[in-house]
Amino acid sequence: MATSTPALPADNLDLLTPLKDVFGYSSFRPLQEAIVRASLAGRDVFALLPTGGGKSLCFQLPALLRPGLTVVISPLIALMKDQVDALCANGVAATFLNSSLGEAERRARLRRLHARELRLLYLAPERLMLGSMLADLAGWGVSAVAVDEAHCISEWGHDFRPEYRQLGELRTRLDAVPFMALTATATERVRADILTQLRLREPGVFVASFNRPNLLYRVEPRSAGYRQVLDFLRARPKDSGIVYCASRVGADALAGKLVEDGVKAAPYHAGLDKSVRDANQDRFLRDEVRVICATIAFGMGINKPNVRFVLHRDLPKNLEGYYQETGRAGRDGLPGECLLLFSPGDVAKQLRFIDEKADEQERRRAREQLQTMVHYAEIAECRRAALLDYFGEEFPEANCGTCDNCLSPRATFDGTVAAQKLLSCVYRIRQRSGFNVGLRHVVAVLTGGETEKIREWGHRELSTFGIGMEHTRDEWGSIARELVRLGYLGQDAGRFPTLQLTAEGLAALKDRRRITLTRPLAAPAPGVKRAGEIACDELLFEKLRQLRKQIADAQGVPAYIVFGDASLRWMARTYPATPAEFGRVSGVGEAKLRAYGPAFLEEIAAHLRGNPRQRFAEAESRLAQPSTSTMKTRGELMTGTVRETLRLFRSGLDLATIACARALSEGTVSTHLANAVEAGEALELERLFTSAEAAEMQAAFDRAGWQTLSGAHALLGGRCDYARLRLFRAARQPRPGG
């Protein structure tokens, strides 16, 4: 039994100061602030944030503000070390316990835990049942537990790990402390399972958008195999990324070929000796290897923010795993590219693997997941919308501007004749034999195949035998799958999936309805501006990267522990010249300002002594604001970034559009406008709040008082976030003597 964790007055706590001073950020990402406040108030929390959405900060920031030890359950040893290294670089007392430690180091860390010197402890789930760990936790003053990668607890998830089931026992032992479950990928079924398995009590549930606007999604037909991969990598000589392969042998062979062709690459999969695998990952994290060839069956769990691309050489098994793997690109908010090389032959291979599974229910589920994955690969519509739809989210735009189908819409053609032939073939086979057959058999009949089944079932005598010689078998397969998507054909998910003519398909066949089909895949137009791009002095950026590498190597940590690429780009865009200016760069907290500021400021100054200063539009727009929370003067309130938000609002844009255009959260945009109002700027409130919303907030503030936001937030049941409440209060708060 653990001592109950006292709830903090979370609604009134100043979070922006520690956010900036420790982590170097001047604003929260979507949902982060609400999650932190709910946790500090003592509530259980379920948080679903996309990869790169800032999950770690949701439990790291509360750990600094509440007394006691926060325990973080993480399944990946490398990820533990990365996060602990990053926390220590920011001046936070954190450690981990896992099998990578020697006995002397383990004992030293245990002494610090017994002395209660640490704020965060990272553990693997299997570590919980070793020795006296559960008893030790009860004596270390645990005040919160965070379960990272929480989807691993669900058998319905794509990465189920049996050892996560032990976390129910941890909840029993630490029943009085708040738990937080975090994941980046979970369908509604998996979410419900996580809440049940972890025994979360009336949790605050926070589900962010799955949309990653800085990622470009593309699918190309795999035609030249290795040459396509090599050409892709050679076109991006300075970028690091991951190439996913279907097998360990394939990952090893690909890495070997790339090295022979001058690409710094290494394999990474479960079949490698642990020391080799760890060494390869470490080289990748330190930018000594720029390409990792990994199996799609093995999660890398890397925390490398500057992965610029993820290439799938082979077809993933399901869309959930694909989303998670592509999510490893662009975690720093800068552009990332996700390319899938698709071959219909991959579908047949996957089906053979599925047929080897013993359990029929498991086979059926795997076939359904594969059909969804193939649908994604072959659709002509927006790929971003398809991904979001899979997770139950609707993408509001008709054109996302960052997938191949939206950038270069594929041409369509009158496919009535082809569709009539295929639909008729399915109909004739059923009419003659009394049963349905699979896609491969239908295509074999259309293309005049001489198979044993065709002879045995007399399908050579069908009127549709051999009438489709104008298309290859792969082309017919693509046409058939599009007719399934269009609803003219049905396909079951049994052991031998068969095609059936739907009522819609029969009507189209009889009416000779015109059917439009899509041309094969095409690459998007080059040179499109990408979401998340930060224009900067590229020469200075390279110099800062080299300096970062020297410092990181000397400290024995990955380069991004020092600074991420986004921070370096803002340095190379805004040319900070003083410690105060350097401290306003996003990602620069007090510890990093002291440790690295002098070296980076000197590098920037030396660059400017020999090179002209480049000018960029709105160069100050993304500099972080000063860390103090008591800014009152107009000059301090009306920073460059606030002025830019105000300008866009007055041009007629709404908050959501401004947030998208500036790659900010809507909460941050609301905060900017609140600053503007407090500085004396007038806004049209009817554009921000409906009359009903305004009346509801007015009543809540009148009842709770205008001094703090927490009372109104509680009266409104959390329906209005703090940023919008602050904006409303700034505009409508009664003034003294008014």
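This report describes the strands, helices, cavities and one pocket of a predicted model.

**Overall composition**

The protein has 738 residues, of which 54% are buried. Its secondary structure consists of 33 helices and 17 strands. Among contacts with a separation of 6 or more, 73% are between residues 24 or more positions apart.

**The six-stranded sheet**

Six strands form an open sheet with parallel pairing, in the order β8-β13-β12-β9-β11-β10. The edge positions are taken by β8 (215–221) and β10 (265–268); each has a single partner strand, so one side of each is left without a neighbour in the sheet. From one strand to the next the twist averages 20 degrees.

Within this sheet, 5 bridges link strand β9 (residues 240–245) to strand β12 (residues 307–312) in the parallel sense. One bridge pairs Val-243 with Leu-311 of β12. Helix α10 (residues 248–260) packs on the sheet, where it touches β9, β10 and β11 (291–295). The direction of α10 makes about 165 degrees with that of β11. A further helix, α11 (residues 274–285), lies across β9, β10, β11 and β12. Relative to β10, α11 runs at about 135 degrees.

**Helix α12**

Helix α12 covers residues 319–326, and 8 of its 8 residues are buried, so the helix is largely enclosed by the rest of the structure. The buried residues are Leu-319, Glu-320, Gly-321, Tyr-322, Tyr-323, Gln-324, Glu-325 and Thr-326. With the cut-off for burial at under 20% relative accessible area, the list takes in Glu-320 and Glu-325 as well as Leu-319. The cover over these residues includes strands β8, β9, β12 and β13 (336–342), together with helices α14 and α15.

**Strand β4 and its partners**

Strand β4 (residues 120–123) is covered on both faces. Leu-120 and Tyr-122 are buried on one side, and Leu-121 and Leu-123 are buried on the other. In a regular strand, side chains alternate between the two faces of the sheet.

Two strands pair with β4. Strand β2 (residues 69–73) runs parallel to β4 and is joined to it by 4 bridges. In that pairing, Val-72 has Tyr-122 as its bridge partner. Strand β3 (residues 94–97) also pairs with β4 in the parallel sense, over 4 bridges. Here Leu-97 stands opposite Leu-123.

**Cavities**

Searching the whole structure gives 2 cavities of 30 Å³ or more. The largest cavity is lined by Ser-39, Phe-59, Arg-66, Thr-70, Ala-144, Val-145, Ala-146, Pro-178, Phe-179 and Met-180. Strands β5 (142–147) and β6 (179–183) each supply at least two of these residues. The most comes from β5, which gives 3 residues.

The second largest cavity has Phe-210, Asn-211, Arg-212, Tyr-217, Tyr-323, Arg-384, Leu-387 and Leu-388 in its lining. Helix α15 (residues 383–390) provides the largest share, 3 residues. Tyr-323 belongs to this lining and is also one of the buried residues of α12.

**The second largest pocket**

The lining of the second largest pocket comprises 35 residues. Those nearest its centre are Leu-351, Gly-438, Leu-439, Arg-440 and Gln-491. Four helices, α13 (344–355), α14 (360–378), α18 (439–446) and α20 (473–486), are the elements that give two or more residues to the lining. Of these, α13 makes the largest contribution, with 7 residues. Helix α14 thus appears in the pocket lining and also in the cover over α12.

The table sets out the volumes and lining classes of these spaces.

| Space | Volume | Nonpolar lining residues | Polar lining residues | Charged lining residues |
|---|---|---|---|---|
| Largest cavity | about 50 Å³ | 7 residues | 2 residues | 1 residue |
| Second largest cavity | about 40 Å³ | 5 residues | 1 residue | 2 residues |
| Second largest pocket | about 1100 Å³ | 14 residues | 9 residues | 12 residues |

Terms used. Residues numbered from 1 in each chain as written. Predicted model: local features only at pLDDT ≥ 70, side-chain atom pairs only at ≥ 80, totals over all residues. Heavy atoms only, no water. Pairing = 2+ DSSP bridges. Axes fitted to C-alpha atoms, helices over the stretch in contact; angles between N-to-C directions. Contact = heavy atoms within 4.5 Å. 1 Å grid on protein atoms, 1.4 Å probe; cavity = no way out; pocket = protein on both sides within 12 Å on 5 of 7 lines; lining within 4 Å. Points joined across faces, edges and corners; volume = space filled by probe spheres on them. Nonpolar A, V, L, I, M, F, W, Y, C, P; charged D, E, K, R; others polar. Buried < 20%, exposed > 50% of the residue type's maximum accessible area, 1.4 Å probe, protein only.
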